[in-house]
Amino acid sequence: QEDRAREVLRRHRSGLDAVASALLRNETIDGAEVGRLVDEAAGHQVRRPPRLPEFSGSPRATKDPTSTNGEAKAAVDPTRSRPPR
C-alpha cells in the first residue's frame, strides 16, 4: 500500500509541484483549479470530473424514516413556500 502511494506521488510530482506553487501564490485554490493544474502538468486529463446526477425536475419518492409501514412520500423542498390552506 505504501509503495503504491509513493509511486502515485512520483508519477504526479509535477502536478503536486504546480499545486504547491499555486497555494504559495494564492493561499487558497478550489478543487477545479487543482484538477486543472494537475492535468496541465501531466499534459493530459489525469482524472475525470465527477458526474453529477441528472435532475428530472420532479421530486423523487423516498422512504419516510418516521413511517412504521415503510410508505413512500415525496421529497419536500424547504425553500418553497406552501400554498395557503
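User: Which helix do the buried residues of H2 pack against?

Analyst: Keep in mind that we're looking at a predicted model. H2's buried residues are Gly15, Val19 and Ala22. What they pack against is helix H3 (31-42).

User: How wide an arc do those buried residues cover around the axis of H2?

Analyst: Start with the general rule: an α-helix has 3.6 residues a turn, so residues three or four places apart point the same way. Now look at the buried ones here, Gly15, Val19 and Ala22. They sit on the same side of H2, because the arc they cover around the axis is only 65°.

User: Which exposed residues does the face of H2 turned away from its buried side carry?

Analyst: To count as exposed, a residue needs over 50% relative accessible area. On the face of H2 turned away from the buried side, the residues that fit are Arg13, Leu24 and Arg25.

User: How far apart are the end C-alpha atoms of H2?

Analyst: Helix H2 takes in residues 13-26, which makes 14 residues. At 1.5 Å a residue, we'd expect a span of 20 Å. The model agrees with that, since the end C-alpha atoms are apart by 20 Å.

User: What residue follows H2, and what is its phi near?

Analyst: Right after H2 comes Glu27. Its phi is positive, near 70°.

User: What percentage of the protein's residues count as buried?

Analyst: The protein has three helices and two strands, running α-α-α-β-β from the N terminus on. A residue is buried if its relative accessible area is under 20%. Of the 85 residues, the share that counts as buried is 8%.

Terms used:
Residues numbered from 1 in each chain as written. Predicted model: local features only at pLDDT ≥ 70, side-chain atom pairs only at ≥ 80, totals over all residues. Heavy atoms only, no water. Helix = DSSP H or I, 4+ residues; strand = E, 2+ residues; numbered from the N terminus. Expected span 1.5 Å × (residues − 1). Buried < 20%, exposed > 50% of the residue type's maximum accessible area, 1.4 Å probe, protein only. Arc of directions from axis to C-beta. Contact = heavy atoms within 4.5 Å.
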